[in-house]
Number of protein chains: 2
Amino acid sequence: MNRAQITGIGAHVPAREIPNSYFNETLGEDVDAWLRENVNITKRYWCNENESVADLCEIAAKKAMTDAGIGPEDIDLLVISTDTPEYISPSTASVIQDRLRLKNAGTFDLNTACAGFVTAMDVAAKYISADDRYKHILVIGGYAMSKYLNQKDKKTVTLFADGAGAVVMSAQEGASGWLTSDLQTRGEYNGWMGIYGGATHQPVTAEVLANHDHQLKFVHKFPKELNPKMWTEMALDICKRLNKKPDDFDHFFITQLNFNSINETMDNLGVCREKAHMVMDQYGYTGSACIPMALEDAYKNKKLKKGDLLMFIGSGGGLAFAAAAVQY
Amino acid sequence: MNRAQITGIGAHVPAREIPNSYFNETLGEDVDAWLRENVNITKRYWCNENESVADLCEIAAKKAMTDAGIGPEDIDLLVISTDTPEYISPSTASVIQDRLRLKNAGTFDLNTACAGFVTAMDVAAKYISADDRYKHILVIGGYAMSKYLNQKDKKTVTLFADGAGAVVMSAQEGASGWLTSDLQTRGEYNGWMGIYGGATHQPVTAEVLANHDHQLKFVHKFPKELNPKMWTEMALDICKRLNKKPDDFDHFFITQLNFNSINETMDNLGVCREKAHMVMDQYGYTGSACIPMALEDAYKNKKLKKGDLLMFIGSGGGLAFAAAAVQY
């Protein structure tokens with residue numbers, strides 16, 4: 001049985017930089033100090049008016065394919081994880097398949113909010129292990145949440161940002177690569193945060209627009225212990241399955257929403273905080289793109305060595321959680 | 001390596017029946033004769049104002065689980081195929097996970113338009129074969145396109161309808177179950193049919209509403225030979241891989257958009273037309289739900305026998321295509 005290995009990594013953000021000071025004017029108050037101290041965000045990037053998620057995915061994907069040293073015709077499957085798609089239908093993946101001329105690739109989008117990228121890598125790993133027709137799979141996490149933000153909602157507009165990250169996963173023999181994974185959902189939180197209008201539950205109308213129901217809303221405040229608790233439990237379960245200790249892992253790539261939650265998780269696991277690579281200070285919160293963007297940042301800074309043990313943990317609306325261990 | 005077998009089947013449509021005559025009034029012309037002669041549709045079902053896709057998925061899923069003889073806690077993964085989701089975010093699957101109390105199930109939605117259900121079954125089959133932690137996976141195809149229809153657009157409003165179908169796929173040893181599959185995309189058609197407004201390419205505004213860009217549109221007319229040609233080629237390729245003849249298959253479940261395209265495919269394959277089970281006369285076109293709805297109709301009419309060879313072929317916007325062979 002083949003195992004999936006990460007053989008190419010790429011990422012991209014739009015050119016339009018939005019410093020914290022941008023919100024001084026739009027919100028009429030100074031949010032910079034709060035953002036730096038509480039979520040460690042100094043700036044983020046947003047699409048301009050003529051950019052959307054496919055533009056980000058396209059560039060990230062090209063970089064990952066170049067990094068892997070493969071051409072468009074080598075890709076057997078394209079999976080895009082996003083809850084900010086290019087269109088409602090068809091899939092964003094069909095758009096990218098066309099733009100990149102991936103003529104041999106089947107396509108689909110996967111949505112489990114910000115747990116989507118780790119889940120999509122898991123799906124790709126399953127295809128490679130279960131079916132030897134799949135040699136190279138392109139997995140993209142794309143996020144253009146700026147398009148769904150209420151510019152007057154301080155709770156969302158200051159946090160969420162745009163970007164894309166991509167990996168090529170390739171079939172390899174041997175013991176390294178995708179080791180094990182876990183998907184969990186706490187569906188009782190599905191109404192707590194989301195974009196609730198604009199789909200079949202509440203089709204868009206003038207009233208929906210006026211209420212901003214077609215935009216991202218935090219409906220309830222999540223218990224702040226929830227993420228660190230779930231992340232710790234999932235990491236420990238994966239360690240147990242692999243007969244490893246948390247500190248045997250070299251790098252942790254965890255959803256880049258709140259650096260305190262990541263630090264708390266690392267403390268729970270008894271692993272030094274520096275092993276959790278973070279990029280939210282530069283990029284804000286980029287949802288289904290944040291984990292491959294953090295991976296790419298570590299990669300381009302020469303932090304990853306062949307044989308390193310990587311732990312991925314994503315969580316997002318739903319609430320959905322995905323964790324995976326990879327020997328790079 | 002375990003193989004996935006279909007162990008439970010269920011389907012559901014809303015109570016609100018819309019006969020062809022409904023459109024006499026809303027469109028101001030008689031479309032009944034054209035619909036009967038050209039697409040073999042006599043009626044369809046639409047959600048009422050207080051229903052949406054999750055309501056349909058919930059009931060279809062319960063029926064499939066009852067049919068499989070398993071409880072909510074037995075489901076290890078829930079995949080919902082839809083391009084008419086409950087919300088933009090989070091996933092429809094997280095809603096259903098909560099409603100059905102599938103506490104051990106990870107969740108995600110999959111969107112590759114109307115090729116989604118066969119693709120989602122393929123994903124489930126890969127999980128079962130690649131990872132022995134997955135024993136039972138619930139796969140749902142849900143469709144509530146009525147919520148995205150322009151009531152004055154004759155080309156779409158008369159065809160599209162609502163419904164849901166579900167299967168439980170379970171790990172089994174032995175040679176029967178999921179045999180092989182194929183995913184293909186012709187991304188050059190991604191702009192031909194879809195719901196192009198309301199996502200990141202064109203966020204909803206009053207102007208988008210006025211132009212009906214948040215609703216389903218046929219932008220170009222598809223070459224009518226495209227589906228039969230692709231379906232025939234994919235079926236023949238699967239036969240070749242399995243060393244079977246098309247006529248060795250007992251049932252064909254093909255996207256229920258146009259009965260002429262299905263008949264043409266069966267003629268191309270040299271298989272009697274009766275082996276392609278059709279339900280569009282009763283239900284209209286139900287997109288990502290139509291294939292499990294056809295499967296359920298054949299099942300409840302006692303057409304399926306253990307050991308039967310089933311061919312599934314789905315196609316939809318993107319254009320995306322998915323085919324699979326299953327020994328039931």
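**Exercise 1. The two domains of chain A**

Work out how many residues of domain 1 of chain A are in contact with how many residues of domain 2 of chain A, and describe what lies between them.

*Step 1.* Start with the count: 49 residues of domain 1 of chain A touch 45 residues of domain 2 of chain A, where contact means heavy atoms within 4.5 Å. A word on the ground rules: this is a predicted model, in which local features need pLDDT of at least 70 and side-chain atom pairs count only at pLDDT 80 or more, while totals for chains, interfaces and linings use all residues. Residues are numbered from 1 along each chain as its sequence is written, chains are lettered from A and ligands numbered from 1 in the order in which they are written, and side-chain values use heavy atoms, with hydrogens and water left out.

*Step 2.* Locate the domains. Domain 1 of chain A spans 2-174 and domain 2 spans 179-327; such bounds come from an automatic or database domain assignment. Their centres, taken over C-alpha atoms, are 14 Å apart.

*Step 3.* Look at the area. About 3700 Å² is buried between the two domains, and carbon and sulfur atoms give 66% of that. Buried area is the accessible area (1.4 Å probe) that two parts lose on being put together, summed over both.

*Step 4.* Check the polar side. The rule finds 14 residue pairs in polar contact across this interface, both residues at pLDDT 80 or more. A polar contact is a pair of N or O atoms within 3.5 Å; within protein, one must be able to donate a hydrogen and the other to accept it, and residues adjacent in sequence count only if both atoms are side-chain atoms. Salt bridges number 0; the rule asks for a side-chain nitrogen of Lys or Arg within 4 Å of a carboxyl oxygen of Asp or Glu.

**Exercise 2. A glutamine in a strand**

Decide whether A:Q5 is buried or exposed, and find its side-chain partner.

*Step 1.* Place the residue: A:Q5 sits in strand β1 of chain A. Helices (H or I, at least four residues) and strands (E, at least two) are DSSP runs, numbered from the N terminus.

*Step 2.* A:Q5 has a relative accessible area of 2%, so it is buried. Buried means under 20% relative accessible area, exposed over 50%, and partly exposed in between (1.4 Å probe, protein chains only).

*Step 3.* The side chains of A:Q5 and A:S176 make a polar contact of 3.5 Å. Beyond four places away in sequence, A:Q5 also touches residues including A:V168, A:M169 and A:Y328.

**Exercise 3. Two positive phi values**

Compare the surroundings of A:A113 and B:N243: which is buried and which is exposed?

*Step 1.* Phi of A:A113 is near 50 degrees, and this residue is in the loop between β5 (106-111) and α5 of chain A. Phi of B:N243 is near 55 degrees, in the loop between α8 (226-242) and β11 (251-254) of chain B.

*Step 2.* A:A113 is buried at 1% relative accessible area, whereas B:N243 is exposed at 71%.

**Exercise 4. The ends of a helix**

Find what caps the N-terminal end of α9 of chain A and what follows the helix.

*Step 1.* The cap is A:N258, with a side-chain oxygen 2.8 Å from the backbone nitrogen of A:N260.

*Step 2.* After α9 of chain A comes A:G270, with a positive phi near 70 degrees.

*Step 3.* Within the helix (residues 259-269), the buried residues include A:F259, A:I262 and A:L269. Among the elements covering the buried residues are α2 and α10 (280-283) of chain A.
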